[in-house]
Amino acid sequence: MKSVFITMGNTSFDEFITCTSSRATFQVLRRLGYRRLVPQIGGGRVVPDSFDSTSFSLIVYRYKCASRKTIRDSNLIISHAGAGNCLEPLEEGKSLVVVVNEKLMDNHQLELARQLHKEGYLFYCTCSTLLEYCTD
């Protein structure tokens, strides 16, 4: 079963969790052949409800270690653009999409994402462009 792991680490980025756990995101992921979404939501206020149906599962964790096994077992990683969250999936050779938090001051996440994208390691977007990226 193709799965997506979403990771936040221990930070809070509610807009990211809201956009990645929306019905529209589920529909796009199903259309792309994914059947399981595992968000690790960190310390934010947004807590989606887990569910399991015959066509799609959402299994939510507040804190789930982004262990090598969790990363290896996933077909796609979607992460906020923190350095650690970018490097571990890349070390495992996984496809990675990073979602940059546009509201950060001195946005080092954007700088890191741009450079890693330029070098061909990952794709990056914002919450407002995530679904556009996935449907292109």
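This is a tour of a predicted model, going from the sheet to a helix, a histidine and the aromatic rings.

**Stop 1: the whole sheet**

Switch to a cartoon view and select the strands. They form an open sheet of seven strands with mixed pairing, in the order β3-β4-β2-β1-β5-β6-β7. Which strands stand at the edges? They are β3 (51-52) and β7 (123-126); each has a single partner strand, so one side of each is left without a neighbour in the sheet. As background to the pairings that follow, strands of a sheet pair through backbone hydrogen bonds, either parallel or antiparallel.

**Stop 2: β3 and β4**

Select residues 57-58, which make up strand β4. β4 pairs with β3 in the antiparallel sense, over two bridges. Show Phe51 and Leu58 as sticks: Leu58, in β4, is the bridge partner of Phe51. Keep Phe51 displayed for a later stop.

Next, add helix α4 (residues 83-91), which packs on the sheet and touches β1 (3-7), β5 and β6 (95-100). The direction of α4 makes about 170° with that of β6.

**Stop 3: β4 to β2**

Leu58 also serves as a marker for the next pairing. In β4, Leu58 is the bridge partner of Leu37. The strands β2 and β4 run parallel and are joined by two bridges. Select β2, residues 36-40: four of its five residues are buried, and the strand is mostly covered.

**Stop 4: β1**

Move on to β1 and colour its residues by accessibility. Five of its five residues are buried. How are the residues of β1 divided between its two faces? Ser3, Phe5 and Thr7 are on one side, Val4 and Ile6 are on the other, and both faces are covered.

β1 has pairings to inspect with two strands:

- With β2, β1 runs parallel, and five bridges join them. Thr7 can be selected here, opposite Gln40 in β2.
- With β5, β1 also runs parallel, joined by four bridges. Here Val4 stands opposite Leu76 in β5.

**Stop 5: the approach to β2**

Select Leu32, in the loop between α2 (23-31) and β2. Is Leu32 buried or exposed, or in between? Its relative accessibility is 41%, so Leu32 counts as partly exposed. Draw a distance from its C-alpha atom to that of Lys2: the two are 30 residues apart along the chain and separated by 9.5 Å. Then show the side chain of Lys2, which lies over the face of Tyr34 at 4.3 Å from the ring centre.

**Stop 6: His80**

Select His80, found in strand β5 (residues 76-80). His80 has 9% relative accessibility and counts as buried. Its side chain reaches the backbone oxygen of Met8 at 3.4 Å. Beyond residues up to four places away in sequence, His80 touches Thr7, Met8, Thr11, Phe13, Phe16, Asn85, Val98, Val99 and Gln109. Two of these, Phe13 and Phe16, lead to the next stop.

**Stop 7: the aromatic rings**

The structure holds four aromatic pairs. Phe13 and Phe16 form one that is stacked, with 5.5 Å centre to centre and 20° between the planes. Both residues are buried.

Now return to Phe51 and add Phe56. Their ring centres are 6.3 Å apart and their planes are at 35°, so the pair is tilted. Stacking would need planes under 30 degrees apart. Phe51 is partly exposed, with a relative accessible area of 32%, whereas Phe56 is buried, with 1%. Add Phe26 to the selection as well: Phe26, Phe51 and Phe56 form one aromatic cluster.

**Stop 8: Leu116**

Finish at Leu116 in helix α5 (residues 108-118). At 10% relative accessibility, Leu116 counts as buried; the cut-off for buried is under 20%. Leaving aside neighbours within four places in sequence, Leu116 is in contact with Cys86, Leu90, Tyr121 and Leu122. For a long-range distance, draw one to Asp73: the C-alpha atoms of Leu116 and Asp73 are separated by 23 Å, with the residues 43 apart along the chain.

Note on methods. Residues are numbered from 1 along each chain as its sequence is written. This is a predicted model: local features need pLDDT of at least 70, side-chain atom pairs count only at pLDDT 80 or more; totals for chains, interfaces and linings use all residues. Side-chain values use heavy atoms; hydrogens and water are left out. Rings of Phe, Tyr and Trp (its six-membered ring) pair if their centres lie within 6.5 Å; planes under 30 degrees apart count as stacked, over 60 as edge-to-face and the rest as tilted. Buried means under 20% relative accessible area, exposed over 50%, partly exposed in between (1.4 Å probe, protein chains only). A charge sits over a ring if NZ of Lys or CZ of Arg is within 6 Å of the ring centre and within 35 degrees of the ring normal. A polar contact is a pair of N or O atoms within 3.5 Å; within protein, one must be able to donate a hydrogen and the other to accept it, and residues adjacent in sequence count only if both atoms are side-chain atoms. Contact means heavy atoms within 4.5 Å. Two strands pair if DSSP finds at least two bridges between them. Axes are lines fitted to C-alpha atoms, for helices over the stretch in contact, and angles run from 0 to 180 degrees between N-to-C directions.
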